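User: I would like to learn how to read the main features of a model like this one. Please take me through them in turn.

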Amino acid sequence: MGAANRLTIPEKKSLSLVSDPRIRLYWGGQFLSTVGSNIWGIALPLLAIKETGSSLSVALTLLVTSVPELVIGPWAGALADRYSKRTMVIALDGARALLYFIAMLAVSRISGWLALSLLLVVAFLEALVRMWYIGAKAGLLKAFGSEGYQLQKLNALDRGLQNTARIVGLIAGGFVVAEFGTVTALLANSLSFALAAIASGVARLPIGVSSQRQGETRWQFAIEGFRYLKSAPAARELVIRQAILNLLIPVYAFGLPILAHEFWRSAECLGFAFGAFAGGGLIASVVLGRKRSLRLQAPHIWGAIAAAGGLTVAVAGVPPAIGIVLVGVVGLISHAMAITLNTRLLEIVDGMYVGRVSVLSAVANRISSSLVILVLGVATSPAEIRQAMGGVGMSIGVLSLLAMARAATHRRSIRQR
């Protein structure tokens, strides 16, 4: 179906991305929600380390979102494939706005471990909603692609706006948390999701493909995503590569807040470091958004991941200013690879399965992230975070080089045949 659409529907010019009012409204709302989320993303790990003094508590703020994703992932993707993508993105953003508004009212009256426990529950519930949203958004991108928009440019636009919003949100978050505290960060997040829901409601978004065979149970419909991946080795390979690439993300999500607290002594530096990572992603989005297509072979991808792992070793041992620059380079590499892999995944997956496959890919990413975070949180004290980040970075680099060498050997043997 996807191949037929690409053959019969003429590709639209890249400038029509920003001239389409539906895209301006939808991604404008997404920009606001991402700003709010990243302001809150600064607040939660800093609150955890401040209240407990334990690196394990920081790990818990990150791991608490993993449980719902691992348990309900296939069903979340199934719901995204069954219903209108337009309706789901509006409803799910509205639900998150309400959730964070209730949390703000509660946290304004409590503090300490009780407040942190409540916020962990909120993070858990928001993760449930976010899994459905991932599937719905993938279906929405696929629907725009069926209208003639090139998927790589759509992915680059999406990633570019998200990273721009992250830069704004993370840098602003450092100052908001330092000056106004957790309650203000929660309010900003709630308002941003409310505005995103309104923008999506005003925009006349495509409905997308919905599917479920007659007589098929919810369990059968959900499990169909696994069967599709089993029968589609190209898609399965892309999911595995995305999961391996994603190993870099938890190293920074977990390590930078502790590094900023223990050694940099500055919430503002943390905001700049996260902003630099997003800034590297923004550069990658602009470059890929101008290209018609980018096809990378396995050795190129493994080489890029190895380089990012080596830079992670350096980040852990240099002063903040240099570290922030290196984090930006890692962000450039990571996002370029992520855009390329996700674009290819959307291209080859049938529209009837895109929600389930996208969510299963997100679950695979979460599993790899959770393992890294769990090991770091249990085995690492705050004072040892530099050694831990360096060790993980070196391990990723070495493993990637070995995978690159193996891929090159495999290609050479094929040519010799």
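User: How much area does the protein expose, and what share of it do carbon and sulfur atoms supply?

Analyst: In this predicted model, the protein exposes about 17900 Å². Carbon and sulfur atoms supply 67% of that area.

User: What percentage of the residues count as buried?

Analyst: The label depends on relative accessible area, with buried meaning under 20%. Of the 417 residues here, 55% count as buried.

User: How many helices and strands does the protein have?

Analyst: There are 17 helices and 0 strands. Among contacts between residues at least 6 apart in sequence, 88% join residues at least 24 apart.

User: Take one residue, Arg406. Is Arg406 buried or exposed?

Analyst: Exposed means over 50% relative accessible area. Arg406 counts as exposed because its relative accessibility is 70%. Arg406 lies in helix 17, which covers residues 385–416. Pro299 is 107 residues away from Arg406 in sequence, yet their C-alpha atoms are 8.6 Å apart in space.

User: Where is confidence lowest and where is it highest?

Analyst: Where pLDDT is low, the predicted coordinates should not be read in detail. Across the protein the average pLDDT is 78, and 85% of the residues score at least 70. Confidence is lowest in helix 1 (residues 2–8), with a mean of 39, and highest in helix 9 (residues 182–202), at 90. Over residues 1–15 the pLDDT is below 50. Beyond near neighbours in sequence, that stretch has 15 contacts in the model.

Conventions
Residues numbered from 1 in each chain as written. Predicted model: local features only at pLDDT ≥ 70, side-chain atom pairs only at ≥ 80, totals over all residues. Heavy atoms only, no water. Helix = DSSP H or I, 4+ residues; strand = E, 2+ residues; numbered from the N terminus. Buried < 20%, exposed > 50% of the residue type's maximum accessible area, 1.4 Å probe, protein only. Contact = heavy atoms within 4.5 Å. Areas by Shrake-Rupley, 256 points an atom, 1.4 Å probe, with all protein chains shown as cover. pLDDT = per-residue confidence, 0-100.
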